[in-house]
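Here's a quick tour of who touches whom in this fold, pair by pair. Keep the viewer open and follow along.

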Amino acid sequence: MADRAPLLRAEAVVKHFPAGLGATVKAVENVSFEIYPGETVGLVGESGCGKSTLGRMVTQLLPVTSGNIFFDGVDLTKLRGEKLRQYRRQLQMIFQDPYSSLNPRMTVGDIIAEPLENFGLLRGRAKDKRVQELLKVVGLNPYFNNRYPHEFSGGQRQRIGIARALALQPKLIVADEPISALDVSIQAQIINLMEDLQKEFQLTYLFIAHDLSVVRHISDRVMVMYLGKIVEVADSVEIYRNPRHPYTKALLSAIPIPDPEIQSKRRIVELTGEIPSPVNPPSGCRFHTRCPIAQLPTPCADQEPALEEKARNHRAACFFSEKVAVAV
């Protein structure tokens with residue numbers, strides 16, 4: 001992909017939140033990555049690692065503390081007011097909870113039409129026709145536009161959220177755990193819908209999740225995040241077959257296999273201790289307090305490993321990546 005320009009590029013992005021009494025939550029720390037047109041990049045990690053915060057910075061719902069985010073070559077962090085608002089048309093978000101992300105006092109038609117009205121794109125019958133088209137595209141009855149969110153199931157509500165995200169014909173959609181609040185039986189339907197829409201509308205996705213089996217299915221590349229930092233980036237096939245970071249290996253070993261015989265022979269990588277607080281992250285490698293291959297006190301506890309290439313198009317932030325077993 002080096003022969004073409006990325007659609008989105010983040011450079012040394014940082015996000016800190018004040019936590020009172022002079023403390024600071026270091027939610028995202030010095031993160032850089034690229035997303036190329038038409039691809040799906042999965043972002044995985046434990047709850048609280050900074051995934052959603054990073055996704056909201058990409059869409060400029062949260063300002064960066066420092067760093068730069070380039071979209072189509074334009075630095076979004078330098079834009080303000082109307083210029084930023086216009087670029088937001090091309091950056092949309094699908095939220096995690098389909099129950100709280102839809103206004104219960106608005107009809108489905110009004111919810112989907114709101115972006116069109118905000119940008120003055122369509123009015124009257126043309127707007128109503130566009131709403132019905134969007135409902136049909138996401139697999140809902142186009143004549144449900146006068147109903148309210150409480151009349152729909154969780155899966156149907158998420159389809160409405162997807163229709164709203166598509167209304168402005170964006171180039172990039174950030175999907176923040178879009179299936180985690182849904183029944184397992186519905187999750188596959190939403191994933192398949194998102195893949196079909198990507199092909200039909202040439203969409204690019206940043207897909208945030210904690211379920212690695214889902215990310216493996218939908219993603220072209222995978223970024224693994226731990227305590228505010230990206231610790232591994234690789235092609236989705238490669239990262240599952242040959243993880244180069246012990247945290248990635250631990251996550252992969254926790255994925256259940258629906259074959260009792262194979263599952264019984266697997267070695268689960270057990271991580272000791274709790275995730276450190278982002279208010280006071282460990283020195284050196286942030287994973288060293290739980291890492292089964294860490295060498296202490298040096299270099300793991302006093303030097304921060306760079307996210308560097310360990311194999312072709314495979315980067316990891318680990319001093320001893322060659323010790324991470326190939327087979328999970």
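## Salt bridges across the chain

Arg-290 comes out as buried, at 7% relative accessibility. Its side chain meets that of Glu-46 in a salt bridge, with N to O at 3.3 Å. Glu-46 sits in the loop between β3 (40-44) and α1 (51-58), while Arg-290 belongs to the loop between α10 (260-265) and β11 (308-311), so this pair ties together parts that are 244 residues apart in sequence. Glu-46 itself is partly exposed, with 23% relative accessible area. Bear in mind that this is a predicted model, and the salt-bridge count for it comes to 13.

Another of these bridges joins Arg-56 and Asp-176, at 2.9 Å from N to O. Here the partners are in helix α1 (Arg-56) and strand β7, residues 172-176 (Asp-176), so the bridge ties together parts that are 120 residues apart in sequence. How exposed is each end? Arg-56 is partly exposed at 25%, whereas Asp-176 is buried at 2%.

Then there's Lys-78 with Asp-75, where the closest N and O atoms are 3.4 Å apart. Lys-78 is exposed, with a relative accessible area of 58%, but Asp-75 is buried at 11%, being under the 20% cut-off.

## How α3 meets α4

Two packed helices are described by the angle between their axes and the distance between the axes. For helix α3 (residues 108-118) and helix α4 (residues 124-137), that gives an angle of about 115° and axes 9 Å apart. The crossing of α3 past α4 is right-handed. On the α3 side, the contact is made by Val-108, Gly-109, Ile-112, Ala-113, Leu-116 and Glu-117; α4 brings Lys-127, Arg-130, Val-131, Leu-134 and Leu-135. Sorted by class, the contact has 7 nonpolar, 1 polar and 3 charged residues.

Gly-109 is worth a click. This α3 residue counts as buried, at 9% relative accessibility. Leaving out residues up to four places away in sequence, Gly-109 touches Val-131 and Asn-145. Its C-alpha atom is 9.8 Å from that of Leu-134, which is 25 residues apart from Gly-109 along the chain.

## Aromatic pairs

How many aromatic pairs does a search of the whole structure find? There are 4. One of them is Phe-144 with Phe-152, an edge-to-face pair at 5.9 Å centre to centre with 65° between the planes. Phe-152 counts as buried, at 6% relative accessibility.

Tyr-226 and Phe-287 also pair edge-to-face, at 5.1 Å centre to centre and 85° between the planes. Tyr-226 lies in strand β9 (residues 221-226) and Phe-287 in the loop between α10 and β11, so the pair ties together parts that are 61 residues apart in sequence. Both rings belong to buried residues: Tyr-226 has a relative accessible area of 2%, and Phe-287 has 1%. Add Tyr-247 to these two and you have one aromatic cluster.

## Back to the loop between α10 and β11

The loop that holds Arg-290 and Phe-287 has some unusual-looking backbone to check in your viewer. The peptide bond from Leu-296 to Pro-297 is cis, with omega near 5°, and Pro-297 lies in this loop. A cis bond also joins Thr-298 and Pro-299, with omega about 5°; Pro-299 is again in the loop between α10 and β11.

## Loops around β7 and β9

Which way does phi go at Gln-169, positive or negative? It is positive, near 55°, in a residue other than glycine. Gln-169 lies in the loop between α5 (154-166) and β7 and is exposed, with a relative accessible area of 63%. Glu-177 also has a positive phi, near 45°. Glu-177 is in the loop between β7 and α6 (184-201), and this residue is buried at 7%.

Finally, Ser-219 is found in the loop between α7 (212-218) and β9. At 6% relative accessibility, Ser-219 counts as buried. Setting aside residues up to four places away in sequence, Ser-219 touches Thr-40, Val-41, Gly-42 and Ser-236.

Definitions and conventions: Residues are numbered from 1 along each chain as its sequence is written. This is a predicted model: local features need pLDDT of at least 70, side-chain atom pairs count only at pLDDT 80 or more; totals for chains, interfaces and linings use all residues. Side-chain values use heavy atoms; hydrogens and water are left out. Axes are lines fitted to C-alpha atoms, for helices over the stretch in contact, and angles run from 0 to 180 degrees between N-to-C directions. Helices (H or I, at least four residues) and strands (E, at least two) are DSSP runs, numbered from the N terminus. A crossing is left-handed if the near helix is turned anticlockwise from the far one by less than a right angle, and right-handed if clockwise. Contact means heavy atoms within 4.5 Å. Ala, Val, Leu, Ile, Met, Phe, Trp, Tyr, Cys and Pro count as nonpolar, Asp, Glu, Lys and Arg as charged, and the others, Gly among them, as polar. A salt bridge is a side-chain nitrogen of Lys or Arg within 4 Å of a carboxyl oxygen of Asp or Glu. Buried means under 20% relative accessible area, exposed over 50%, partly exposed in between (1.4 Å probe, protein chains only). Rings of Phe, Tyr and Trp (its six-membered ring) pair if their centres lie within 6.5 Å; planes under 30 degrees apart count as stacked, over 60 as edge-to-face and the rest as tilted.
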